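Work through these short exercises with the structure open beside you. Try each task before reading its solution.

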2 protein chains.
Amino acid sequence: MTAQARGLHARVLDSLGPAITAGEYPPGSVLRTDELAQRFEVSRSVMREVVRVLESMHLVASRRRVGVTVLPAAQWNVYDPQVIRWRLAGADRPRQLRSLTVLRSAVEPVAAGLAARHASAEQCAALTECALGMVATSRGRRLEEYLVHDIAFHRIVLDASGNEMFARLGDVVAEVLAGRTHHDVMFEDPDPAAVTLHVRVAEAVREGDGPRAEALTREIAEGALRELDILAPPPTR
Amino acid sequence: MTAQARGLHARVLDSLGPAITAGEYPPGSVLRTDELAQRFEVSRSVMREVVRVLESMHLVASRRRVGVTVLPAAQWNVYDPQVIRWRLAGADRPRQLRSLTVLRSAVEPVAAGLAARHASAEQCAALTECALGMVATSRGRRLEEYLVHDIAFHRIVLDASGNEMFARLGDVVAEVLAGRTHHDVMFEDPDPAAVTLHVRVAEAVREGDGPRAEALTREIAEGALRELDILAPPPTR
DNA sequence: GTGATGTAAAAGTCTGACTTTTTGAGCACA
DNA sequence: TGTGCTCAAAAAGTCAGACTTTTACATCAC
């Protein structure tokens, strides 16, 4: 799935980045560019470019005479898709998945409400098609096919909201949904109630009923949160 | 406000980045690293690092034998604080401000609801203090002082939500609020209704009443959106 | 103890040579 | 005419080494 030969830069980045987000280098750790270059067997130029990118993600800070300091997680650009991917691949995947699901629960209802007002005819049609696709694949262990429709559905809603900040969360939602299907226990067919809700959201959007689309999407989100509470430890407190 | 002597890399980045987000190089434009290096009078190494960072923001894509291609805005990492700053400083500031305000209207109510459940005693106290500070400075053209309290208030709510994705939006909210006070017409004292709502949100959080905190924050957000509708052209359609 | 001074460590910058990938032109062949 | 192959050039990618600049820290004088 993930390409292998995208150049040295990308390979080193994909090795060092996850190591940092996984906490292998605790905040405050100091690295040296030269040492890293040796460790990864690349030239200083390549390593400098990698450090610059990590710096732009606020994963590290580079200071003269000190070195490259790992920053505390509170400063990381947690909205950077690459950072999200690295963290989802790492150990605190469950916590990450929960954070993102909570974010979804805030954003998607509002996005659906806006979509009801802004969606084009094509988008409405596509949405309905996705919902029907979900219904069709919701039984009989066709999880992969269901997932495709589910992702497409939520992407369309976010796009149709007309808000670019919402639209850009499409990838995040895709990651969360895929994560749920692939990694977490998902032996059962999808919850029939959720499927129905998706159909009704598509309806509401088609009819331009913003408040209803919003309320229904809120129900979907709450369902996802409940599901997460069952599978993963809630806030662990 | 903005530092000047942070090294060549940062200076070139702060010159090229805004130029791209401002649309000076339309999507599909092809730049060459060497040419850019000449134009900005820096070495290729520096320019390469700049390009790598722009690439990590998905503002450009670099391909062999082709050059550095400017990507369409739909692919930009619009959650990157630096990109947000560049865009807010540019021409489509109004649109940007609207997108971010809509995002706030989705996120902050949910964050407030969570804060009511998770806020520590210290956070509750700080929140109340901010609200009182807002009351105290809400009359008599003390906009700057008011702004400080307003920003602190929203930051605390987002932090207290216990969700890192929400917490990281503190800077965005600060930018939006500051933008409203500084750039947009804001001759009047703050809306008294908004001030009262902040006080009541602080109360609700202190009392652990999530639903009320959420509802009240939703009112604040709706007020902000209304205000924006008056000052700036709505969705221009 | 306080403050000036010097030193060395690390990032920052520049240069030039070389490698690798990729595009598109030119050409052969059907 | 069109299809596919070869090849050369263009641009990014990589490397190595020298030099500059900043700055933390130790040392020394007072």
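**Exercise 1.** Find what A:Arg63 and A:Arg64 each approach on DNA strand D.

*Solution.* Start with A:Arg63: a polar atom of its side chain lies 3.3 Å from a phosphate oxygen of DNA strand D. Next, A:Arg64: a polar side-chain atom there lies 3.3 Å from a base oxygen of DNA strand D. Then cross to chain B. An N or O atom in the side chain of B:Arg64 is 3.2 Å from a sugar or linking oxygen of DNA strand D. A polar contact here is a pair of N or O atoms within 3.5 Å; within protein, one must be able to donate a hydrogen and the other to accept it, and residues adjacent in sequence count only if both atoms are side-chain atoms.

Before going on, note the ground rules. This is a predicted model: local features need pLDDT of at least 70, side-chain atom pairs count only at pLDDT 80 or more, and totals for chains, interfaces and linings use all residues. Residues are numbered from 1 along each chain as its sequence is written, chains are lettered from A and ligands numbered from 1 in the order written, and side-chain values use heavy atoms, without hydrogens and water.

**Exercise 2.** List the residues that come nearest to DNA strand D.

*Solution.* There are 24 residues around DNA strand D (a heavy atom within 4 Å). The nearest are A:Leu8, A:Ser43, B:Arg32, B:Thr33 and B:Arg48. Now look from the DNA side. Sugar and phosphate make up 73% of the atoms of DNA strand D that come within 4 Å of the protein.

**Exercise 3.** Locate the contacts of A:Arg52, B:Leu8 and B:Arg63 with DNA strand C.

*Solution.* Take A:Arg52 in chain A. A polar atom of its side chain lies 3.1 Å from a phosphate oxygen of DNA strand C. Move to B:Leu8: a polar backbone atom there is 2.5 Å from a phosphate oxygen of DNA strand C. Finish with B:Arg63, where a polar side-chain atom lies 3.0 Å from a phosphate oxygen of DNA strand C.

**Exercise 4.** Work out how chain B is related to chain A.

*Solution.* Superpose the copies by least squares on the C-alpha atoms of residues with pLDDT of at least 70 in both. Chain B falls on chain A after a rotation of 180 degrees with 0.0 Å of shift along the axis (RMSD 0.0 Å). That is the relation of a two-fold axis. Now compare the contact residues (heavy atoms within 4.5 Å). The same surface serves both copies: 100% of the contact residues of chain B recur in chain A.
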